[in-house]
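Please look through the sequence and the model shown here, and keep both at hand while reading the report that follows.

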Amino acid sequence: MRLVVLVVAVVAAALLTGCGRTDSEQSATPTPAGSLSPSSPASVATLPSGRATPATAAPTATAMPTPTPTPTPAPAEVGADELGRVPVLMYHRLTADGGGPYDRTPQAFRAELAWLFEHDYVPVVASELLDGRIDIPAGTKPVVLTFDDSSREQAQLDDGEPAPETALGILTEVAADYPDVEPVAVWSVLPAPFGGDEKRGRRIMRMLHERGHELANHSCSHTPLSGRSRAEVARDLVCGANTIRDAVPDAEVRVLPLPLGRFPDQRRWAETGETPQGRYDHDALLKVGARPAPSPFHADFEPLALPRIRSGNSTQQSDFESAFWLQRLEAEDNAYVSDGDPQRISFPAQREAQLDAAFGDRANPYQP
Ligand SMILES: [Zn+2]
């Protein structure tokens, strides 16, 4: 669906402006120094193609439109780096007074989303990251938004639609201004989620699933898994997985954000387990803190200890909050940037040693 939107937007822009030149021809057009503006051909060529609109297209183009599909720009043109880092952001409650250190105000949440989307971040769910299925436009960057504990203000339904001023409503509303952005996230649920009413909670879980969100196990007791027997851990995590499956029978429960960030005494107890009530097989265990995650194609990618970043406005490294890490990713220019082709893994050639060898046949190192 993203590809369709992208192609339609680009074709529409080309038709409306009569601009049939390819991206490489556009970027080869000489631009007088100091004249780079939102309407210059060079700036059109460097924008993610889904963002191209009639307002930003070159007014002087005379060539006729070409009805061929828009080619994916060369990786170097968009600065593709699919060995770059991926922020997995962690949210809890949204409260008017900002709550505790894990909470945010609705305004701060809205501002962070707008910042992300302005900076070409596009949400993907955890399963897409785990499977290396990051199908987003060339030049955009994946971000995973995770919401823990399924509090009431995270998601409610209003006539079957996301209620405004919930986290889900705000995400949906802000995303609507950005053609590349689908409002998807990961929701780790506790029993009777989103306000304590079991039936209503199930309806919300079904709606999330139908709209491409991911539901994640968070146990039933929401107590640390450390210091407990294997049988106790298994009971708690089967119960959590069943909370999701009872509402959404076809949901795959692949992700466990660790309750309070604590591993059980043996990590594998969190990965798989079985009781007479069912079983669980998690592909990812999400931690609390404290840095961006490696690319799924990077040799350091470790899905069973995947780091997250707490949303917050501290710019001190020691606080491990999003304001610090998102600025740092910009400054160091080492976020994952898509090449627009989900099959191919493009990255600057000097990073080749960092590639997980399992992906060698898809690798596309290039000279930047
Ligand atoms: Zn929690």
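The buried residues of helix 11 pack against three elements, namely strand 1 (88-91), helix 5 and strand 12 (306-310). In this predicted model, helix 11 spans residues 322-332, and the residues buried in it are S322, W325, L326 and L329. Seen down the axis of helix 11, these buried residues fall within an arc of 95 degrees, so they line one face of the helix. A general feature of helices helps in reading this pattern: an α-helix has 3.6 residues a turn, so residues three or four places apart point the same way. On the other side of helix 11, Q327, A331 and E332 are exposed. Just after the helix comes D333, which takes a positive phi of about 55 degrees.

Two further residues deserve attention for their backbone angles. In general, most residues other than glycine have a negative phi. F320, which is not a glycine, nevertheless has a positive phi of about 55 degrees, and F320 is found in the loop between strand 12 and helix 11. With 18 C-beta neighbours inside 10 Å, F320 counts as partly exposed. S150 is not a glycine either, and has a positive phi of about 45 degrees; its place is the loop between strand 3 (141-148) and strand 4 (157-158). Is S150 buried or exposed? S150 has 24 other C-beta atoms within 10 Å, and because 20 or more are needed for a residue to count as buried, S150 is buried.

Helix 5, against which helix 11 packs with its buried residues, also has a contact with helix 7. Helix 5 covers residues 106-118 and helix 7 covers residues 167-175, and the two pack at an angle of about 35 degrees with their axes 10 Å apart. The crossing in which helix 5 passes helix 7 is right-handed. On the side of helix 5, the residues that meet helix 7 are P106, F109, R110, L113, A114 and F117, while helix 7 brings A167, I170, L171, V174 and A175 to the contact. Sorted by kind, the residues of this contact are ten nonpolar, no polar and one charged.

A167 in helix 7 also belongs to a wider group, the largest nonpolar core, which has 68 residues. The residues with the most contacts inside this core are L89, V144, A167, V186, W187 and L256. Helix 9 (residues 230-247) supplies the largest share of the core, which is seven residues. A second, separate core has five residues, among them L83, F297, I345 and F347. As a general matter, nonpolar side chains in soluble globular proteins tend to be buried together. For W187, leaving aside neighbours within four places in sequence, the contacts are F147, S150, A155, L208, H213, L215 and A216, so that list includes the buried S150.

Which residues does H209 touch, not counting residues up to four places away in sequence? H209 touches L215, V248 and A251. H209 lies in helix 8 (residues 198-210), whereas A251 is placed in the loop between helix 9 and strand 8 (255-257). A251, with the same kind of neighbour left aside, is in contact with H209, L215, I244 and R245. With 18 other C-beta atoms within 10 Å, H209 is partly exposed, and A251 counts as partly exposed with 18 C-beta neighbours inside 10 Å. W269, in helix 10 (residues 268-271), is partly exposed as well, having 19 other C-beta atoms within 10 Å. Beyond its neighbours within four places in sequence, W269 is in contact with R230, V233 and P264.

The table lists pairs of residues by their separation along the chain and in space.

| Pair | Apart in sequence | C-alpha to C-alpha |
|---|---|---|
| W269 and L237 | 32 residues | 9.5 Å |
| H209 and V184 | 25 residues | 9.7 Å |
| A251 and H209 | 42 residues | 7.3 Å |

The chain as a whole can be described in a few figures. Its secondary structure comes to eleven helices and 14 strands, and buried residues make up 41% of its 368 residues. Among contacts between residues at least 6 apart in sequence, 66% join residues at least 24 apart.

Definitions and conventions. Residues are numbered from 1 along each chain as its sequence is written. This is a predicted model: local features need pLDDT of at least 70, side-chain atom pairs count only at pLDDT 80 or more; totals for chains, interfaces and linings use all residues. Axes are lines fitted to C-alpha atoms, for helices over the stretch in contact, and angles run from 0 to 180 degrees between N-to-C directions. Helices (H or I, at least four residues) and strands (E, at least two) are DSSP runs, numbered from the N terminus. A crossing is left-handed if the near helix is turned anticlockwise from the far one by less than a right angle, and right-handed if clockwise. Two residues are in contact if their C-beta atoms, placed from the backbone, lie within 7 Å. Ala, Val, Leu, Ile, Met, Phe, Trp, Tyr, Cys and Pro count as nonpolar, Asp, Glu, Lys and Arg as charged, and the others, Gly among them, as polar. A residue is buried if 20 or more other C-beta atoms lie within 10 Å of its own, exposed if 12 or fewer, and partly exposed in between; C-beta atoms are placed from the backbone. The arc is that of the directions from the helix axis to the C-beta atoms. A nonpolar core is a set of buried Ala, Val, Leu, Ile, Met, Phe, Trp, Tyr and Cys residues joined through C-beta atoms within 7 Å.
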